[in-house]
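This report describes the internal cavities and the ligand environment of one structure. The sequence and model are shown below.

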Amino acid sequence: MARLVVVSNRVPLPGQGQRAGGLAIVLQDVMDSVGLWFGWSGNTTPEGGNTVQTVTHRNTEYATIDLSEDEYQKFYIGYANSSLWPLLHFRQGLLEFRREDLEGYRAVNQLYSKSLQPLLQPDDLIWVHDYHLIPMGGQLRRLGVRNRVGFYLHIPFVPHSVFSALPQGDRLLQDMCEYDVVGFQTEEHRADFLDTVRQTLGHDITGDGVIHVPGRPVQTIVAPVGIDGLAFGRQAERAARSKNNKRLMDSLNHRHLMIGVDRLDYSKGLPNRFEAFNRLLTRFPEHSQHVSYLQVAVPSREEVTEYAQLRPILNRMAGDINGRHGTFDWVPLRYMSQGVSRSTLAGFHRVSRVGLVTPLRDGMNLVAHEYVAAQNPEDPGVLVLSRFAGAASYLQDALIVNPNDPDEIAEAMHTAFTMPLQERRLRHARLFESVLRLTARSYCNTFLNALSNKPGG
Ligand code: GDG
C-alpha cells in the first residue's frame, strides 16, 4: 500500500497536547493511516527553516521545520491570515494585501517543498492541507516530484466576483490547478471554485467536475470532514459523570444551559450571538433566571489586528449583558476566553439544552457535529446552526438561522428552549444519523480513493 504523506501548516507533535482547531481534530482520528506528517513546528528561530527535525511515534514519522520571525509574519500573519482567510470567508473589507507578504508566502511554501522533497518515496500519496500551502503542488512538480499530489481546502471558496478582489488571484488558481485532486467541504464551495476557474483561466470543465488543464486533468471532489461520532458520544457520556460536570450542574441550580464553543475568530459570528442572547432575554423575558449561556472562546491568531480587536468587543458585550440582565444570584452569560479539555467540552455539550453554532461563514464547523454526537438520545438538546456553515448542507434538522440577524437567532433560541421532547428526539435522531455518516474515516477514504485514482473515489 502506498504511504500517505500529510502536509499541513502546523504539525501537532505527539505529547504537545491538544489545541483548538478543526484540521488536527479530523486527522487525529485517522492517524494510523498517516506515514509521514510534514509541516511547521510552531517555533520561530533566528535561522528559520534550515533543518528538518523528525520524530517517530506509533508508525507515524513527524517531520518539522522552524520558521524565522520574518517568514512567520509575512506567510502566516500576513498573506495567509490577513489576505486569504478574510477573502475566503467573504470579508473583502478586511482583506489586507502587501506584495511582500505574497512573496513571503510563496517563499515559505518553497521552503516546505524543498524540505519535503528529499523525504519522499516514489509511491507516496501526498495530501496537502489548507489555504496556507496552495502553491506547494506546483512547486513540488517543478522540483521533479512525480507522485500523485492532492489538495484539500478546509475553508469556504467564494464566488468569482468576490475572488476577483484578490490581487494576483489568477496565480493562486493556477496553483490549485497543479494538483491531481482538489477537495472541498460542500458542493457550493466546489461550484464557486469551478466557476471562478472557468471565468479566470478559461479552462474547460466537464460535468464530473474535471478541469481540463492542457495536458492533464484535475479532479475536483466534495469530501466533507467529520468526527468519530460514536467515540465522541461515549466520551461525553463518561464526562457527564465527571467532577467538572458535577460542578457545572451544581452551579446551574436547575437552569437550562446553552453552549457555544469556538476559536475567537471574527468568522464565528460571536458579537451577533451575544446580541441575540441579549434580545432573547429582552423579548422573551420568561427565560430570565431560567437559562444560562456558556461561551468558550479560545484566543487564536492574536497578532492579526482584527482578532485582537474582537476580544475587547466581546468583553464589553458580556459585561453589558450581565450588568443589564443579571441578578445577585444569576449570571446569564458565562464567558471564558481560555481553552477547556476536549473531554470536559464533550461533557458540557451533553448537558446543554441548546448548542449554538452561528458562524458568518465556515468551511464545515465540527462543533456542530460534536454537539449532536454528545447528546443523550433520550433527552437531547437542540442545535441552532448558521445556514452559512458548511455543516448546514449536511445537518438540515438543526434550527437553521441567518447569523446576520440577531433577532432570528434569538427566536431560534426561544424555539429551542421550548421545543417538546418528542420533536427534540426526532430531530436529534436524524442529525445523529448524518453525523455518523460523515466520519473522519469516510472523509479520508473519499479523498484518498480519488487521489489514488480508484473508481468510485
Ligand atoms: C477549520 C475550518 C472546518 C474549540 N475550542 C476548544 C476546542 N475546540 C475544538 C472544537 C473543534 C475544533 O476545535 C474547531 O473546529 P471547527 O471545525 O469548528 O473550526 P476551525 O478551527 O475554524 O477549523 C472549519 C475545520 O477546519 C475542519 O475542516 O470545519 O470550517 O474553519 O473540534 O471542539 N478544543 C479544546 N478546547 C477548547 O477550548 N480541546
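## Cavities

On a 1 Å grid over the protein atoms alone, a cavity is a set of points where a 1.4 Å probe fits but cannot get out, and its lining residues have an atom within 4 Å of a point. Grid points are joined across faces, edges and corners, and a volume is the space filled by probe spheres set on the points. The model is a predicted one, in which local features need pLDDT of at least 70 and side-chain atom pairs count only at pLDDT 80 or more, while totals for chains, interfaces and linings use all residues. Residues are numbered from 1 along each chain as its sequence is written, and side-chain values use heavy atoms, with hydrogens and water left out.

There are 3 cavities of 30 Å³ or more in the structure, and the largest holds about 40 Å³ of space. Its lining consists of Gly381, Val382, Leu383, Asp397, Ala398, Leu399, Arg424, Arg427, His428 and Leu431. At least two lining residues come from each of β15 (382-386) and α15 (421-437), and α15 contributes the most, with 4 residues. Helices (H or I, at least four residues) and strands (E, at least two) are DSSP runs, numbered from the N terminus.

## Ligand shell

The ligand has 26 residues around it, of which His154, Arg263, Val340, Asp362 and Glu370 come nearest; a residue is near if one of its heavy atoms lies within 4 Å. By class, this shell comprises 13 nonpolar, 8 polar and 5 charged residues. Domain 1 (4-226 + 440-452) and domain 2 (229-437) both supply shell residues, so the ligand lies between them. The domain bounds come from an automatic or database domain assignment.

## Backbone contacts and cover

Ligand nitrogen atoms lie 2.5 Å from a polar backbone atom of Val340 and 3.4 Å from one of Arg342. An oxygen atom of the ligand is 2.8 Å from a polar backbone atom of Met364. The protein covers 96% of the 730 Å² of accessible area (Shrake-Rupley method, 1.4 Å probe) that the ligand has on its own.

Definitions and conventions
A polar contact is a pair of N or O atoms within 3.5 Å; within protein, one must be able to donate a hydrogen and the other to accept it, and residues adjacent in sequence count only if both atoms are side-chain atoms. Ala, Val, Leu, Ile, Met, Phe, Trp, Tyr, Cys and Pro count as nonpolar, Asp, Glu, Lys and Arg as charged, and the others, Gly among them, as polar. On a 1 Å grid over the protein atoms alone, a cavity is a set of points where a 1.4 Å probe fits but cannot get out, and a pocket is an open set with protein on both sides within 12 Å along at least five of seven lines; lining residues have an atom within 4 Å of a point.
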